[in-house]
Structure formats: structure tokens, C-alpha cells
Amino acid sequence: MAATATQTQILQLVVGMFDAAPGATFLAEFEATLTAAGSINGLAATLGATDAFKGLYADTLSNNAFATAFIENLVGTEADVAAKAWAVSWVEGQLNANVSRTDAMVTAITTLIAAGPDAVSYTHLRAHETG
């Protein structure tokens, strides 16, 4: 059975945040949470409060350490060093401007997905920053 658009959006978010896809049980729970939260950012905030999230990204991480870990988990070896450095700087800048960790993640994840599989140069995220 093919995933619905909502399920796909949830899967993309969870993989982007945790580098792992949820099983059917969690996917159903996340759908209910998304409905209750009213937005993908609300779901991300809820997920960001979990022990699983804090196990990956401790509250004590500096903005730079969080950004570095997130970008590494998000793209791994798919982006070159310069592109990852730019992306880390972008995420860190968002956090320094008081954007929440999860909102910065949602913006990075959704922008990168919308740009397509060849966008690991972060060109599209750069365009989002100026647009």
C-alpha cells in the first residue's frame, strides 16, 4: 500500500530528524499527533521533546554542536565538506536567531526534499534564506 501525502511528510520529517523511519504503529501515532498539533512544525516540536530526540541531540549541545550533528545525520557523505560547513553555519545562524531546533530542522528538511535528490549542495536552502 502506498503512503498518503501526510504519511510521506511524516516519514520525511522523522527520517530527517532521527535518521530512521517509524514503523506502522508509530506512523499512526505520529499522524494523530500531527492532527492534534496542527502542523508539521508542531509534530516536530512534539518529537523534539522525546527522550529519543534528546538522546541524539542533548539539550546541553551548543548551537554549533547541534547543527553539526544534525547536518551529519541528515546528509552524511552525500554532501561535500564545503556544503556541509555552509549548512551547519546556516542552522547555527537560525538557532542563534532564536529559531527553535525543530523549526530549523523542518525548514532544512522540507527545503532539501523539495529541491530534489541532487540538492545536497544546499543551493536551494541558500535560496530559501534570501527568499
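1. Some terms to begin with: helices (H or I, at least four residues) and strands (E, at least two) are DSSP runs, numbered from the N terminus. With that numbering, Asp19 sits in the loop between α1 and α2. Keep in mind that this is a predicted model, where local features need pLDDT of at least 70, side-chain atom pairs count only at pLDDT 80 or more, and totals for chains, interfaces and linings use all residues. Residues are numbered from 1 along each chain as its sequence is written, and side-chain values use heavy atoms, with hydrogens and water left out.

2. The overall layout is easy to state: the chain has 8 helices and 0 strands, so a pattern of α-α-α-α-α-α-α-α follows from reading along the sequence. Of its 131 residues, 35% count as buried (buried is under 20% relative accessible area, exposed over 50%, partly exposed in between, with a 1.4 Å probe and protein chains only). Take the contacts between residues at least 6 apart in sequence: 62% of them join residues at least 24 apart (a contact is heavy atoms within 4.5 Å).

3. Which residues touch the most other members of the largest nonpolar core? They are Leu13, Met17 and Phe70, out of 32 residues in that core. At least two core residues come from each of α1 (5-18), α2 (24-37), α3 (40-48), α5 (63-75), α6 (81-96) and α7 (101-115). A nonpolar core here is a set of buried Ala, Val, Leu, Ile, Met, Phe, Trp, Tyr and Cys residues joined through side-chain atoms within 4.5 Å.

4. Now for α1. This helix has 14 residues and reaches 20 Å from its first C-alpha to its last, close to the 20 Å expected at 1.5 Å a residue (the expected span is 1.5 Å times one less than the number of residues). Gln7, Ile10, Leu13, Val14, Gly16, Met17 and Phe18 are its buried residues, and they pack against α2, α3, α4, α5 and α7. An α-helix has 3.6 residues a turn, so residues three or four places apart point the same way.

5. Met17 deserves its own look. Neighbours within four places in sequence aside, Met17 is in contact with Ala44, Leu47, Gly48, Phe53, Leu56, Tyr57, Thr102, Met105 and Ile109. Thr102, in helix α7, is 85 residues from Met17 along the chain, yet their C-alpha atoms are separated by 8.3 Å. Thr102 counts as buried because its relative accessibility is 8%. Besides Met17, Thr102 touches Ala44, Ala45, Gly48 and Phe53, not counting residues up to four places away in sequence.

6. In α3, the buried residues are Ile40, Gly42, Leu43, Ala44, Leu47 and Gly48. Their packing partners are α1, α2, α4 (51-56) and α7. From α2, Phe30 touches two of these, Leu43 and Leu47, along with Ile10, Val14 and Pro22, residues up to four places away in sequence not being counted. Phe30 has a relative accessible area of 15%, so this residue is buried. Phe30 and Gln7 are 23 residues apart in sequence and 8.7 Å apart in space, C-alpha to C-alpha.

7. Is Arg101, in helix α7, buried or exposed? Arg101 is buried, because its relative accessible area is 17%. Outside its neighbours within four places in sequence, Arg101 is in contact with Tyr57, Ala58, Asp59, Leu61, Ser62, Phe66 and Leu95. Its C-alpha and that of Ala44, 57 residues apart along the chain, are separated by 9.3 Å.

8. Two backbone angles to check. Most residues other than glycine have a negative phi, and most peptide bonds are trans. Asp19, just after α1, takes a positive phi of about 55°. Asn98, in the loop between α6 and α7, has a positive phi near 70°. At 72% relative accessible area, Asn98 is exposed.

9. How many cavities of 30 Å³ or more does the structure hold? There is 1, and about 50 Å³ of space lies in the largest cavity. A cavity is a set of points, on a 1 Å grid over the protein atoms alone, where a 1.4 Å probe fits but cannot get out; lining residues have an atom within 4 Å of a point. Grid points are joined across faces, edges and corners, and the volume is the space filled by probe spheres set on the points. The lining consists of Gln9, Gln12, Leu13, Ile40, Ile109, Thr110 and Ile113, with α1 and α7 each supplying at least two residues.

How values were computed: 1 Å grid on protein atoms, 1.4 Å probe; cavity = no way out; pocket = protein on both sides within 12 Å on 5 of 7 lines; lining within 4 Å.
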